[in-house]
Structure formats: structure tokens, C-alpha cells
Amino acid sequence: MRVRARFTKVGKVRFVSHRDLARIWERALRRAELPVAYSGGFSPRPRFHFGLALSVGHESWAEYLDVDLVDDLDEDALCSLPERFSAVLPTGIDCQVAAAVPSTGQLSLQEAVTSSSWSIACEGGSLDAAAAAVEALLGADTVILTRERKGKRVSDDIRPYVRTLSLDRAASGCEHDVVLRAELGTQPRGLRPAELLGALGPDWRERRVCRLAQWIDHEGRRWEPLALPAEEAPWLRTETCAT
């Protein structure tokens with residue numbers, strides 16, 4: 001049986017690295033006393049798989065973990081998993097929902113997710129300057145960005161990766177408090193929020209970044225790897241400008 005858990009990573013725990021997050025979940029699975037499957041060999045490891053890695057310092061309301069179990073769980077045990085996980089996880093990491101998912105014939109989370117929604121608080125100019133930069137990027141046919149890949153500098157057109165982008169005026173405040181809403185593609189290579197800001201102009205810098213959702217698009221359909229009821233996800237507002 002494979003169980004998928006959706007969890008948050010907010011507050012001070014946003015500075016925990018991806019490797020340390022794996023150790024945290026390994027301890028949590030052990031303390032929750034789940035029948036976790038282990039790999040073979042001289043150093044068996046619990047068989048669990050994360051979705052897309054989150055940069056250190058970024059928060060998230062939608063992280064995912066797939067866990068392989070040696071025994072099936074009944075419906076009551078599945079329903080109790082969010083509470084059991086949250087009780088043994090540190091402050092800021094809370095399991096929102098868990099469910100059984102197919103263990104075979106499916107793409108991994110990293111392969112299946114095609115885009116992520118972000119809230120990006122940044123600084124580097126006024127609200128009017130941010131609005132003009134967003135308008136210019138959305139109006140461009142190509143946006144060339146040079147970045148490092150395997151030790152080499154490679155130039156890419158990142159415009160197709162910007163699915164939606166808008167200035168979140170409701171969340172933006174003073175001149176140095178600009179908040180953007182963006183949906184950025186993740187395949188074949190993801191566009192990071194910092195790279196998006198670099199494309200807007202050299203003066204724009206991250207202040208606080210939060211991943212709001214991850215999306216799977218396939219054959220005209222769109223869904224989250226494990227969704228929450230709308231009333232439990234108020235951060236997912238849809239006031240964005242389509243590409």
C-alpha cells in the first residue's frame with residue numbers, strides 16, 4: 001500500500017534543508033508506528049518519496065510525501081494519519097490530509113507535477129514599477145535567462161514557464177512591500193521564483209516566498225496531487241493574469 005501525505009512547511013522550519021526534512025519525516029514515521037516498507041541491502045532505508053524539492057528559506061502550504069507500507073491500513077487508520085503525523089512533527093510542519101494512492105503504474109510526484117503556484121513577496125521598486133515589469137514580461141514573446149547547469153552557463157527562453165503572473169495588490173502594502181502571484185512551470189526544468197524576479201529586472205529580490213499549490217496537467221485535465229476542500233485552502237485565490 002502507498003500512502004500520500006500533504007503537509008505544510010511554514011515559519012522557522014522553512015530554514016530546514018531538504019535532507020534534514022527527510023530525517024524529520026523518517027523519525028515521524030517511526031514514532032507514528034506505521035508498517036513502513038524498507039529497502040534491501042546492508043543499510044535499509046524507509047521507502048518514502050518527496051515531491052518537488054523546496055528551496056531553503058521558502059515556505060509552503062502544499063508539500064507531498066509518498067510512503068510505501070508493507071501492510072494495508074483500514075479506513076479509520078487512514079483518517080487518523082494527519083493527526084498522528086502532526087503530533088510527532090515539529091512546529092510548522094503539519095499534515096493536512098492523507099490518502100491511499102496507486103503504488104504501481106503511476107509517475108513519481110517529481111515527474112507528474114507540471115507547475116506550482118507561488119506567493120512572492122519582494123523588494124526592489126514601487127508597486128507601479130512592479131506592475132510595469134509584470135506587464136512587460138507578459139507581453140514579451142521570449143524572455144532569455146542565462147543560468148548555470150552542470151557547471152556550464154546555458155541560455156533558456158523562460159517565457160513558456162510563466163503560466164500566470166500578477167501583482168497581488170490586496171497583499172502589497174508600502175513601496176517596499178510588493179507581492180506577486182505566479183504559476184511557474186516545472187517541466188522539463190522548473191523556473192524558480194528568484195529566476196522569475198531576475199527576469200523582471202536586476203533590482204528585484206526575494207523577501208518571503210511561499211508555495212501555495214502544486215498542479216498536474218494531463219490531457220486537458222488539471223488537479224492537485226492531493227487536494228484540500230476549498231474552504232480549507234483560503235490562500236488559493238485566483239486573481240491572476242492568464243498567459
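Student: Why does Leu54 count as buried?

Tutor: Leu54 has a relative accessibility of 9%, and buried means under 20%, so Leu54 counts as buried. Bear in mind that we are looking at a predicted model. Leu54 sits in the loop between E2 and E3.

Student: What makes Glu59 and Trp118 contacts of Leu54?

Tutor: A contact needs heavy atoms within 4.5 Å. Leaving aside residues up to four places away in sequence, Leu54 touches Lys9, Glu59, Ser60, Glu63, Trp118 and Arg211. For Leu127 there is a C-alpha to C-alpha figure instead: 27 Å from Leu54, with the two positions 73 residues apart in sequence.

Student: Why is Pro35 put in the class it has, buried or exposed or partly exposed?

Tutor: Pro35 comes out at 23% relative accessibility. Buried is under 20% and exposed is over 50%, with partly exposed in between, so Pro35 is partly exposed. Pro35 belongs to the loop between helix H1 and strand E2. Its contacts, again not counting residues up to four places away in sequence, are Asp68, Leu69, Val70, Asp71 and Leu73. With Leu73, the C-alpha separation is 9.1 Å across 38 residues of chain.

Student: How do you know that Gln214 is buried?

Tutor: Its relative accessibility is 1%, and the limit for buried is under 20%, so Gln214 qualifies. Gln214 is part of strand E10, residues 205–218.

Student: What makes the pair of Gln214 and Ala62 a polar contact?

Tutor: A polar atom of the Gln214 side chain lies 2.8 Å from the backbone oxygen of Ala62, and the cut-off for such a pair is within 3.5 Å. Ala62 also appears among the residues that Gln214 touches, which include Leu52, Tyr64, Val113, Ser116 and Trp223.

Student: What makes E5 and E10 a pair of strands?

Tutor: Pairing takes at least two bridges, and E5 and E10 have nine, in the antiparallel sense. One of the partners is Cys210 in E10, matched with Ser119. E5 also pairs with E9 in the antiparallel sense, over eight bridges, and there Ser116 stands opposite Leu184.

Student: Why is E5 described as largely enclosed by the rest of the structure?

Tutor: That follows from a count: E5 has nine residues and eight of them are buried, so the strand is largely enclosed.

Student: How do you know that E1 is mostly covered?

Tutor: Eight of the eight residues of E1 are buried. Arg2, Arg4, Arg6 and Thr8 point one way, while Val3, Ala5, Phe7 and Lys9 point the other way, and all are buried. That fits a general pattern: in a regular strand, side chains alternate between the two faces of the sheet. E1 pairs in the antiparallel sense with E3 over seven bridges and with E4 over six. Lys9 has Ser60 of E3 as its bridge partner, and Phe7 has Cys95 of E4.

Student: Why are H4 and H5 called roughly perpendicular?

Tutor: Their packing angle is about 95 degrees, with the axes 9 Å apart. The roughly perpendicular class covers 65 to 115 degrees, and therefore H4 and H5 belong to it. Ala133, Val134 and Leu137 of H4 meet Leu196, Ala199 and Leu200 of H5.

Student: What makes up the contact of H4 with H5 by class?

Tutor: The contact has six nonpolar residues, no polar and no charged ones. Ala, Val and Leu are among the types that count as nonpolar, so the tally follows from the residue names.

Methods:
Residues numbered from 1 in each chain as written. Predicted model: local features only at pLDDT ≥ 70, side-chain atom pairs only at ≥ 80, totals over all residues. Heavy atoms only, no water. Helix = DSSP H or I, 4+ residues; strand = E, 2+ residues; numbered from the N terminus. Buried < 20%, exposed > 50% of the residue type's maximum accessible area, 1.4 Å probe, protein only. Polar contact = N/O pair within 3.5 Å; in protein donor to acceptor, adjacent residues only side chain to side chain. Axes fitted to C-alpha atoms, helices over the stretch in contact; angles between N-to-C directions. Parallel < 35°, antiparallel > 145°, perpendicular 65-115°, else oblique.
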